[in-house]
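Biologist: I should like to request a close look at a single part of this protein, for a reader in the first year of study. Please take the interior of the fold and the helices that build it, and explain them step by step.

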Amino acid sequence: AILSPVEAAPVSMSSASLAQLHAASAASPHGRPAAQLKGDPPVVVTEIELEPAFFPLDMSLRSKDSIGLDSYCRMISTLQGRDKLTKAAAYGARALSYYAAASFNDKDSASAFEKLYEGLQSGRKVYRLAKPIEELRKFLAAWRKGDLPAWHISLLVAYHLGMSSFWVCDNVKFLENIGLSRFFSPGFTNAGCSRGWFVASCCTFVLAVFQLKKHREYHAQLWARYQGLRRREKEGSMESKTEPFGPEDDDDDTSAGDLLKLKTALYFANLKQFDLVTKIIKAVCDVLVSMNLPGMDLPKHVTGYRINEGVMGIAGAVSGLIIVYNNWPRRS
């Protein structure tokens, strides 16, 4: 979603569900329905929650399934879920290894965490042996996009080329580590991995910021339309109906229908706002890690010092946990 053009928030509720939500909102103070309605969005929609927020964490948390075995199994049934959960654990072990040695002088624990990090990282690479083929398909799709500005297409192409470099070199490194190939020198594969990931992460950051800006504009327009309709309703200019969606208006061509559609659109727009902000945070974490890897070592070339392993471990763990959270099932 971060690499695609901005689309309108989905409005998937039926007319009956919208009418129920409207009736329940009108019947309770502050626009808060007294009970959750079947078919409605998973979170009770209120005036406060509908207002655009930069980081609507509370709404996003309540839109997710509760923590349980079923939700966990659905999350790890996806490749992204398994890979990023392993990534979070690996980089968490990396951070613990550093702080065990630096803060507590516990070399045994540091060594154990380091081995855990290396084992988890090697395990992740098995999942990703076919990634270059998938990236090639995405690259060709990005190249054919004709409805985007030239700069946007250029960033998409640079992103997919960077990720292709990363996946190919990462696969070669894995095959070399298990003794199946000796195609390139370690320096070449390290540079291909770190620089490709760095370029892709920078492109992701720029594209995400652009998409967030466009989404904020779209979100503000939705909110302005919603406030206008609410003012008209309070002033009595909207026609009051006992059954807003009777046999004659199944097409929702009424002001009440527009208001309820806007409520739903604002709900999903807030959820998308949260996803975009977390993707920007993830891109920053990935830039921080990739620029400090062997073959890139940007901080060392610029300042003479590398970022310590503890900071890199925390950044990598946060990046992985964001994807785990995004892949956690929503309430159905």
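Modeller: The following account begins with the whole chain, turns to its nonpolar core, and ends with individual residues. The model is a predicted one. The protein chain contains twelve helices and zero strands. Of its 332 residues, 46% count as buried. Contacts with a separation of 6 or more can be sorted by distance along the sequence, and 74% of them in the protein chain join residues 24 or more positions apart.

With that background, the core can be considered. In soluble globular proteins, nonpolar side chains tend to be buried together. Here the largest nonpolar core has 32 residues, and those with the most contacts inside it are Tyr91, Met163, Phe166, Trp197, Val289 and Met291. Two or more residues of this core are given by each of α5 (79-102), α7 (131-143), α8 (150-177), α9 (186-234), α10 (255-290) and α12 (309-327). The largest share, nine residues, is supplied by α8.

Trp197 serves as an example of a core residue. Leaving out residues up to four places away in sequence, Trp197 touches Lys87, Tyr91, Gly162, Phe166, Asp286, Val289, Ser290 and Leu293. Apart from this core lies another one, of eleven residues, which includes Tyr218, Trp223, Leu229 and Ala265.

The packing of α8 against other helices comes next. The helices α8 and α9 pack at an angle of about 150 degrees, and their axes are 7 Å apart. An angle over 145 degrees counts as roughly antiparallel, and therefore α8 is described as roughly antiparallel to α9. In passing α9, α8 makes a left-handed crossing. The residues in the contact of α8 with α9 comprise 17 nonpolar, eight polar and three charged.

The helix α7 also packs against α8, at an angle of about 170 degrees and with the axes 9 Å apart. By the same reasoning, α7 is roughly antiparallel to α8. On the side of α7, the contact is made by Lys131, Pro132, Glu135, Lys138, Phe139, Ala142 and Trp143. On the side of α8, the residues involved include Ile153, Leu156, His160, Met163, Trp167 and Asn171. In the contact of α7 with α8, twelve residues are nonpolar, three are polar and three are charged.

Two further residues illustrate what burial and exposure mean. Ser60 lies in helix α3, which spans residues 57-63. Its relative accessible area is 1%, and so Ser60 is buried, the limit for that term being under 20%. Beyond the residues up to four places away in sequence, Ser60 touches Leu271, Phe274 and Tyr325.

Pro294, by contrast, is found in the loop between α10 and α11 (298-303). Pro294 counts as partly exposed because its relative accessibility is 44%, and the range for that class runs between 20% and 50%. Setting aside neighbours within four places in sequence, Pro294 is in contact with Asn190, Ala191, Ser194 and Arg306. One of these partners shows how folding joins separate parts of the chain: Pro294 and Ser194 are 100 residues apart in sequence, yet their C-alpha atoms are 7.0 Å apart in space.

Terms used
Residues numbered from 1 in each chain as written. Predicted model: local features only at pLDDT ≥ 70, side-chain atom pairs only at ≥ 80, totals over all residues. Heavy atoms only, no water. Core = buried A, V, L, I, M, F, W, Y, C linked by side-chain atoms within 4.5 Å. Buried < 20%, exposed > 50% of the residue type's maximum accessible area, 1.4 Å probe, protein only. Helix = DSSP H or I, 4+ residues; strand = E, 2+ residues; numbered from the N terminus. Contact = heavy atoms within 4.5 Å. Axes fitted to C-alpha atoms, helices over the stretch in contact; angles between N-to-C directions. Parallel < 35°, antiparallel > 145°, perpendicular 65-115°, else oblique. Left-handed = near helix turned anticlockwise from the far one by under 90°. Nonpolar A, V, L, I, M, F, W, Y, C, P; charged D, E, K, R; others polar.
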